[in-house]
Amino acid sequence: MTMMEPTPNVIAPVAPKRAEETGLSPVMMRDIVLKTMFRTNLEQVSRLSMALCLPVSITQDLVDRAREQGLVEATGTMHAGAGSEMGFRLSDTGKARALDALSQSEYYGAMPIPLEIYAEQVKRQSVRNMKVTRDALLGAMGHLILPPNLLDQLGPAVGAGRSILMYGPPGNGKSSISNGIRDALGDLIYVPRAIEYNGSVITVYDPLMHVKREDAEDDPNALRKTSNRFDRRYVRCERPSVVTGGELSLDMLDLVYNPTARTYQAPLQLKSTGGIFIVDDLGRQEEPPQKLVNRWIVPLEESKDILALQSGEKFEVPFDTLVIFSTNFHPNKIFDTAALRRIFYKIKIDGPDQAGFLKIFAMVARKKKMPLNEEALVYLLKEKYPTIDNVYANYQPVFLIDQIISICDFEGIPYQMTPELMERAWANMFVEESEFAH
């Protein structure tokens, strides 16, 4: 059962029927075929078609064209296990051409998708097309203790697919809420293995960030519609979720160029297309928060991003991702008003009051089979919390109860709650301000 209503109109990209329908130039396709044969030593068209992610008929056509140019020749042998399939190999001229092509770019394998064709697929599976209901969001966050009115604000924000800033004191679940939104992205989209712009290839599909979903796991109705014949230059995936924290730097939002292979890798925000990009702990990065948000201004406003090739040439790519900023700082301290205006939704995540804290404490204790003790709780509320100005946070009940459990396990005593155990647990939650010798 998915946590969110599947987007009804994610139309699968149709597999090309002729080489011309790939949108790529004949020279680029020829060179990728030669490089792939050179690097993989594949000799059968059926296996080559799998490497190129093209239908067998188009692969055969490309091999035939290369034969006519004297770049490929038949081996004259049938391969065991390949039926009556003829084998092909590179001629000496073909090897020379493959080496020349590899010196310009090491990219081989799956044929890329031209950027303008990919842009159309992005529209068909836009994150802004998703329909979010209160029940769907609750389903993805049912394990969290949420402030009463949070879903009233969060639901429309997620449904709009627009930027969200969550702010408030640490330890109150901003990261957990971000992850809950991520878990709510229930449907499947198509991620290109690579895209092509002006002859340059940019790899997009990343198994570390994209969760591949095989056809058999998909909705059977969708299977009948696509008949398993969607364009295999794409990978069917869950909507991506890219999470960054204090390590985020501006150069991570640029194309990554490999000078040895002379190939490009998509930046994080392009890999997150159709999904969610979480910038956690905003304000902990080396770059000032204002500078980071300035980098997002054009993408957030115009749904397009500007990237640059090594040559300095700049070009537009689609920007279709739900950006969630999460910070422990007050927005007015880290942003100017122009930046704040461009972030569509601002949601404050506060800590609980005392009643809310006790409710969470009781719930956690019950879940962890820790008996509640009135004397210990009174000690906690009357003696310990006044020392921190009665500031409650959502993480504290879990922390304190886990500490008490660890102490009980170590001492070999049944789970119990006493003022003395509470004191020992509290000592691990805060470090007292004190001078110490260096």
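**Helix packing and overall form in a predicted model**

Trainee: Which helices do the buried residues of helix 6 pack against?
Mentor: This is a predicted model, in which local features need pLDDT of at least 70 and side-chain atom pairs count only at pLDDT 80 or more, while totals for chains, interfaces and linings use all residues. Residues are numbered from 1 along each chain as its sequence is written, and side-chain values use heavy atoms, with hydrogens and water left out. With helices taken as DSSP runs of H or I of at least four residues, strands as runs of E of at least two, both numbered from the N terminus, and contact meaning heavy atoms within 4.5 Å, the partners are helix 7 (150–160) and helix 8 (174–183).

Trainee: What arc around the axis do the buried residues of helix 6 cover?
Mentor: Buried means under 20% relative accessible area, exposed over 50%, and partly exposed in between, using a 1.4 Å probe and protein chains only. In helix 6 (residues 134–141) the buried residues are Ala136, Leu137, Ala140 and Met141. They lie on the same side of helix 6, because the arc, taken from the directions from the helix axis to the C-beta atoms, is only 120°.

Trainee: Which helices pack against the buried residues of helix 17?
Mentor: In helix 17 (residues 419–427), Leu421, Met422, Ala425 and Trp426 are the buried residues. These residues cover an arc of only 140° around the axis, which puts them on the same side of helix 17. Their packing partners are helix 14 (354–367), helix 15 (374–384) and helix 16 (395–411).

Trainee: What is the radius of gyration of the chain?
Mentor: The chain has 17 helices and 16 strands. The radius is taken over C-alpha atoms, and the globule rule is 2.2 Å times the number of residues to the power 0.38. For 438 residues that rule gives 22 Å, so the chain is more spread out than a compact globule, its radius of gyration being 28 Å.

Trainee: Is Cys53 buried or exposed?
Mentor: Cys53 lies in the loop between helix 2 (45–52) and helix 3 (56–68), and its phi is near 60°, a positive value in a residue other than glycine. Most residues other than glycine have a negative phi. With a relative accessibility of 6%, Cys53 counts as buried.

Trainee: What is the relative accessible area of Asp389?
Mentor: Asp389 sits in the loop between helix 15 and helix 16, and phi of Asp389 is also positive, near 60°. Asp389 is exposed, with a relative accessible area of 68%.
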